[in-house]
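Got a structure in front of you and wondering where all the labels come from? Let's take a few of them apart, one at a time.

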Amino acid sequence: LGRGGMGVVYRARDRHLGRVVALKRLPDNLRNHPAAVKFFEREARSAAVLNHPNIVTVFDAGQENGGYFITMELLEGTPLDAIMKKRGALPPLVVARLGVQIATGLHFAHRNKIIHRDIKAANLFLTKDKIVKIMDFGLAKMVEEVRKGATVIGGTPYYMAPEQAAGEDVDHRADLYALGVTLFQLATGRVPFTDGDVSYHHRHTPAPDPRDIQADVPAPLAELILKLLAKKPEERVQQAADV
């Protein structure tokens with residue numbers, strides 16, 4: 001079905017349960033990162049308890065012949081990043097409807113003590129029934145561990161909260177910052193910082209006002225986005241339910 005830094009995704013059939021699933025095979029070079037694999041197995045199993053309409057259901061995670069895999073529900077639709085590439089900025093009402101669903105899924109995960117750590121448009125999937133599904137819970141901590149090592153999985157951290165970019169411990173409010181970046185992108189067609197040292201900008205440069213880029217962004221939506229993009233976690237919206 002697709003491939004990326006987190007491995008290759010296949011359409012597969014679970015022969016035990018007779019259902020079609022999405023099977024993600026993780027990159028072979030992860031076997032050289034035992035800490036990352038440990039986090040993957042622990043957090044993927046934690047993610048399997050997140051039974052919520054706005055979160056992709058994880059069925060299984062493990063290893064076979066030295067390779068690691070995760071199976072999850074098979075979705076029909078389009079990731080939000082692909083929608084953005086095709087359409088650019090979305091109407092404010094659409095942004096609000098998507099944002100409510102993302103925040104609802106995040107609130108459920110945070111209530112269950114699980115932080116995503118990698119909320120971004122590519123990890124948000126809009127089904128044919130217009131339901132937003134948060135993908136890749138359980139994989140983000142593994143990516144974080146690999147980044148600390150030999151950066152097997154990289155990429156410019158366009159969505160990363162200041163404390164996360166600085167390598168500090170994070171809590172659920174890092175997800176809320178990333179949600180702010182995502183809403184900014186949905187509303188304006190671009191992320192807040194695109195040039196230079198993006199990590200530095202997230203830590204030190206005030207986020208631009210979405211209305212300066214897209215004039216039709218309503219004031220309450222712009223103010224919410226800027227509140228989510230506060231540099232200090234204690235100055236952000238504190239709970240996804242409040243979003």
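Q: Why is Glu 76 called partly exposed?
A: This is a predicted model, by the way, so everything here is computed from it. Glu 76 has a relative accessibility of 49%. Buried means under 20% and exposed means over 50%, with partly exposed in between, so Glu 76 at 49% goes in the middle class.

Q: And why is Lys 128 called exposed?
A: Lys 128 comes out at 62% relative accessibility. The cut-off for exposed is over 50%, so Lys 128 passes.

Q: What makes Glu 76 and Lys 128 a salt bridge?
A: Their side chains meet at 3.5 Å, N to O. The rule asks for a Lys or Arg nitrogen within 4 Å of a carboxyl oxygen of Asp or Glu, so this pair fits.

Q: Why can you say that this pair ties together parts of the chain?
A: Look at where the partners sit. Glu 76 is in the loop between strand 5 (67–73) and strand 6 (77–79), while Lys 128 is in the loop between strand 7 (124–127) and strand 8 (132–134), so the bridge joins parts that are 52 residues apart in sequence.

Q: How do you know that Lys 120 and Asp 118 form a salt bridge?
A: Same kind of check: their N to O distance is 3.7 Å, and the limit is within 4 Å, so the pair counts.

Q: Is Asp 118 buried or exposed, and why?
A: Buried. Its relative accessible area is 18%, and buried means under 20%, so Asp 118 makes the cut. Its partner Lys 120, at 25%, counts as partly exposed.

Q: What makes Glu 163 and Arg 236 a salt bridge?
A: The side chains meet at 2.8 Å, N to O, which is within the 4 Å limit, so the label holds. Glu 163 is in helix 5 (residues 162–165) and Arg 236 is in the segment after helix 9 (219–228), 73 residues apart. Both Glu 163 and Arg 236 are buried.

Q: Why is Arg 173 called buried?
A: Arg 173, in helix 6 (residues 172–188), has a relative accessible area of 18%. That is under 20%, so Arg 173 is buried. Leaving out residues up to four places away in sequence, Arg 173 touches Glu 163, Pro 233, Glu 234, Arg 236 and Gln 238.

Q: How many salt bridges does the whole structure have?
A: Six, with the Glu 76–Lys 128 pair among them.

Technical notes:
Residues are numbered from 1 along each chain as its sequence is written. This is a predicted model: local features need pLDDT of at least 70, side-chain atom pairs count only at pLDDT 80 or more; totals for chains, interfaces and linings use all residues. Side-chain values use heavy atoms; hydrogens and water are left out. Helices (H or I, at least four residues) and strands (E, at least two) are DSSP runs, numbered from the N terminus. Buried means under 20% relative accessible area, exposed over 50%, partly exposed in between (1.4 Å probe, protein chains only). Contact means heavy atoms within 4.5 Å.
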